[in-house]
Amino acid sequence: MILRRFFDEKLAQASYMVACEHSKLALIVDPNRNVAQYIEAAAKDNFRIISVTETHIHADFASGSRELALRTAAQLYLSDAGDATWKYAFAKESRAELITDGSHFLVGDVRIDAVHTPGHTPEHMTFLVTDTAAASEPMGALTGDFIFVGDVGRPDLLERAAGFEGTMEAGARQLFASLRSFRTYPDYLQIWPGHGAGSACGKALGAMPQSTLGYEKLFNWALAETSEDSFIETVLAGQPEPPAYFAIMKALNRDGPPTSAPAIPDEVESADIVAAIESGASVVDTRSTAEYALKHAYGTINIPRNKSFLNWAGSLLRYDEDTWFIGPSGETARRDLAAELSLIGFERTRGVFSADQLDDLTRRGVDMRTTAQASVDDVKAQRFDHVLDVRGRSEFAEGHLPGAINIPLGELPGRLSEVPQGEVAIHCQGGGRSAIATSVLERAGRADVANMGGGFAEWERSGNPVESPQ
């Protein structure tokens, strides 16, 4: 048996290829929209992809299962264990084989057993993997968003992200029961999770790529907890705010993710981007926060093209309107941008304007600005009327600047009216989120906002007072 792990750092997401070395047949589990990587990896080792599956209906990325199965003529396996609300609507037209608890299928000499492990989602499956050529018991488990290294999948997303009220406590109870049942498997069972550190699908995911069930029993708080009530209280407390696009992804992946590659956006001229800015269209500058702060077009927002790009693009962009981008140009760069955004199901890229031509916008009369900066000393000296903290609620609850207002960055576009009038210093933990927030407020017409470089971390390091929970 061969196991290959594919990890996307922007999504903190893992997908897997399980292959039989004898028959040269392969299975792909939890593929994202970059389906070419799986096809190329299989071809490199002379494997043929005959099966595609996923552990559950994902919320944090657009699934590539449907497209990959179509492109490789593979059998698609989908869970049929959820309630009526969370059934795969495209299963029949994709000729998917529906699986429930106890279902199994073969990939050459490799046996895949489905175990229903609800809690994170009602339909969630864990796949036990047995190399029948050498063993009669499973070697490991592809746990998806059920068990992570050091944590478990959050059971609150259906309620907090998708709006299904009253589901998170029921999900927590299901998750507790699933964990107690799964503890009965041997300690040597390897755990291959669907996410790593940085994912919003849990609150304390470890960075290690895999673990064992025995290790997790000892050091994963959720597997060690024996009280259902204590488990429910702990698993629901302090979860990060789910990005706004999670609700869109849940519906997309349930109803039918795309089956073709995203279109490459056009490279646009100065006149086009000027017209877009003047019309009030959504224009995103993807340069670094430092470059944007030094010089940018008024009316744009800054979402740097770094590891957090997809998280904030999915949180701040509207999926029902076109968006223009400023950044690296050239066909390869534009193709890469479209492919990256397709990972979160965003395919409304109207065009890309080369950041190398920003001087031409100045010549065309575009209002070019710099981002106002505030130091920790400025804020300490109360040179601002208000302090806006754009970290998450749990971060704010653990400690914050005295008198600060908390509006998480992902919620800011919908809560602009709550930002008080007067000069406002904006901060986060280190300065990244607050730089984005400053651009959002500036685009909304606020000329009295400044980014506090260094953020809360610098405030603490300087020995300044912090308000903590009572």
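**Notes on the predicted model: Arg66, the voids and a parallel sheet**

1. Arginine 66 touches Leu76, Phe90, Glu93, Ser94, Gly256, Pro257 and Thr259, leaving aside residues up to four places away in sequence. This is a predicted model, so keep that in mind for the points below. As for where arginine 66 sits, its place is in helix H2. Is arginine 66 buried or exposed? Its relative accessibility is 15%, and because buried means under 20%, arginine 66 counts as buried.

2. Helix H2, residues 65–72, turns up again at the second largest pocket, where H2 and H12 are the elements that give two or more residues to the lining. That pocket holds about 350 Å³ of space. Its lining has 19 residues, and Arg33, Asn34, Ala339, Glu340 and Ser342 are the ones nearest the centre. Which element gives the most to the lining? Helix H12 does, with 6 residues. If you care about the chemistry of the wall, the lining splits into 8 nonpolar, 2 polar and 9 charged residues.

3. Now the closed space. Searching the whole structure for cavities of 30 Å³ or more turns up 1. The largest cavity comes out at about 50 Å³. Its lining is made of Thr286, Arg305, Phe325, Ile326, Gly327, Pro328, Ala333, Arg334, Leu337 and Val352. Two or more of the lining residues come from each of strand S16 (323–327) and helix H12 (331–342). By class, the cavity lining divides into 6 nonpolar, 2 polar and 2 charged residues.

4. Helix H12 is worth a second look, then: it gives two or more residues to the cavity lining, and it also gives 6 to the lining of the second largest pocket.

5. On to the sheet. There is an open sheet of 5 strands, paired in parallel, in the order S19-S23-S22-S20-S21. Which strands are at the edges? They are S19 (373–374) and S21 (405–406), each of which pairs on one side only. Strand S20, residues 386–389, runs parallel to S21 and is joined to S21 by 2 bridges. Along this pair, aspartate 389 stands opposite asparagine 406 of S21.

6. What packs on that sheet? Helix H16, residues 432–443, does, and H16 touches S20, S22 (424–427) and S23 (449–452). For the geometry, the direction of H16 makes about 175 degrees with that of S23.

Definitions and conventions. Residues are numbered from 1 along each chain as its sequence is written. This is a predicted model: local features need pLDDT of at least 70, side-chain atom pairs count only at pLDDT 80 or more; totals for chains, interfaces and linings use all residues. Side-chain values use heavy atoms; hydrogens and water are left out. On a 1 Å grid over the protein atoms alone, a cavity is a set of points where a 1.4 Å probe fits but cannot get out, and a pocket is an open set with protein on both sides within 12 Å along at least five of seven lines; lining residues have an atom within 4 Å of a point. Grid points are joined across faces, edges and corners, and a volume is the space filled by probe spheres set on the points. Helices (H or I, at least four residues) and strands (E, at least two) are DSSP runs, numbered from the N terminus. Ala, Val, Leu, Ile, Met, Phe, Trp, Tyr, Cys and Pro count as nonpolar, Asp, Glu, Lys and Arg as charged, and the others, Gly among them, as polar. Two strands pair if DSSP finds at least two bridges between them. Contact means heavy atoms within 4.5 Å. Axes are lines fitted to C-alpha atoms, for helices over the stretch in contact, and angles run from 0 to 180 degrees between N-to-C directions. Buried means under 20% relative accessible area, exposed over 50%, partly exposed in between (1.4 Å probe, protein chains only).
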